[in-house]
Amino acid sequence: MTQSLETNRLILRNWLASDYEPFYNLNSNPEAMRYFPALYTREQSNSLADKCQTLIQQRGWGLWALSNKADNAFIPIRINK
């Protein structure tokens, strides 16, 4: 089942293999993870992405990846101070 939501510029979609590297970069960044107990290892980050992907496939919704519609590039969420 392929599920996605689209706006004029963005796509909420299931995870792709190409999302794992930027997701790991986010999860291993001390500034991005400052409110989490610890940084994620690559294995932990990949496992979380796998779980998100599986839940979307099972339920049709979940923690989706966000991408730019122009190039389908994964957009890591960052909350500015």
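Phe-74 counts as buried here because its relative accessibility is just 13%, with buried meaning under 20% relative accessible area, exposed over 50% and partly exposed in between (1.4 Å probe, protein chains only). The model is predicted, so local features need pLDDT of at least 70 and side-chain atom pairs count only at pLDDT 80 or more, while totals for chains, interfaces and linings use all residues. Residues are numbered from 1 along each chain as its sequence is written, and side-chain values use heavy atoms, with hydrogens and water left out.

Back to Phe-74, then. Phe-74 pairs with Phe-23 in an edge-to-face fashion, at 6.3 Å centre to centre and 85 degrees between the planes. For the record, rings of Phe, Tyr and Trp (its six-membered ring) pair if their centres lie within 6.5 Å; planes under 30 degrees apart are stacked, over 60 edge-to-face, and the rest tilted. Phe-23 sits in helix α1 and Phe-74 in the segment after β3, so this pair ties together parts 51 residues apart in sequence. Helices (H or I, at least four residues) and strands (E, at least two) are DSSP runs, numbered from the N terminus. Phe-23 is buried too, at 9% relative accessibility.

The structure holds three aromatic pairs. In one of them, the ring centres of Trp-15 and Phe-74 are 5.5 Å apart and the planes make 40 degrees, so the pair is tilted. Again distant parts of the chain are linked: Trp-15 is in the loop between β2 (10–13) and α1 (20–27), Phe-74 in the segment after β3 (65–68), and 59 residues separate the two. Trp-15 is buried, with a relative accessible area of 6%. Ring pairs join Trp-15, Phe-23 and Phe-74 into a cluster.

Helix α1 has further buried residues to offer: Tyr-20, Phe-23, Tyr-24, Leu-26 and Asn-27 are buried. Looking down the axis of α1, these fall within an arc of 160 degrees, so they line one face of the helix; the arc is that of the directions from the helix axis to the C-beta atoms. An α-helix has 3.6 residues a turn, so residues three or four places apart point the same way. The buried residues of α1 pack against α2 (42–59). Rings also meet charges: the charged end of Arg-42 sits over the ring of Tyr-24, 4.1 Å from its centre, and that of Arg-59 over the ring of Trp-61, 3.9 Å from its centre. The criterion is NZ of Lys or CZ of Arg within 6 Å of the ring centre and within 35 degrees of the ring normal.

On to the strands, which pair if DSSP finds at least two bridges between them. Strand β1 (residues 4–6) runs antiparallel to β2, joined by three bridges, and the two form a hairpin with three residues between them. Leu-5 stands opposite Leu-12 in β2. On its other pairing, β2 meets β3 in the antiparallel sense over four bridges, with Ser-67 in β3 as the bridge partner of Ile-11. Side chains alternate along β2: Ile-11 and Arg-13 point to one face and are buried, whereas Leu-10 and Leu-12 point to the other and are not.

Asn-14, in the loop between β2 and α1, is buried, with a relative accessible area of 13%. Neighbours within four places in sequence aside, Asn-14 is in contact (heavy atoms within 4.5 Å) with Gln-3, Asp-19, Gln-53, Ile-56, Gln-57 and Ala-65.
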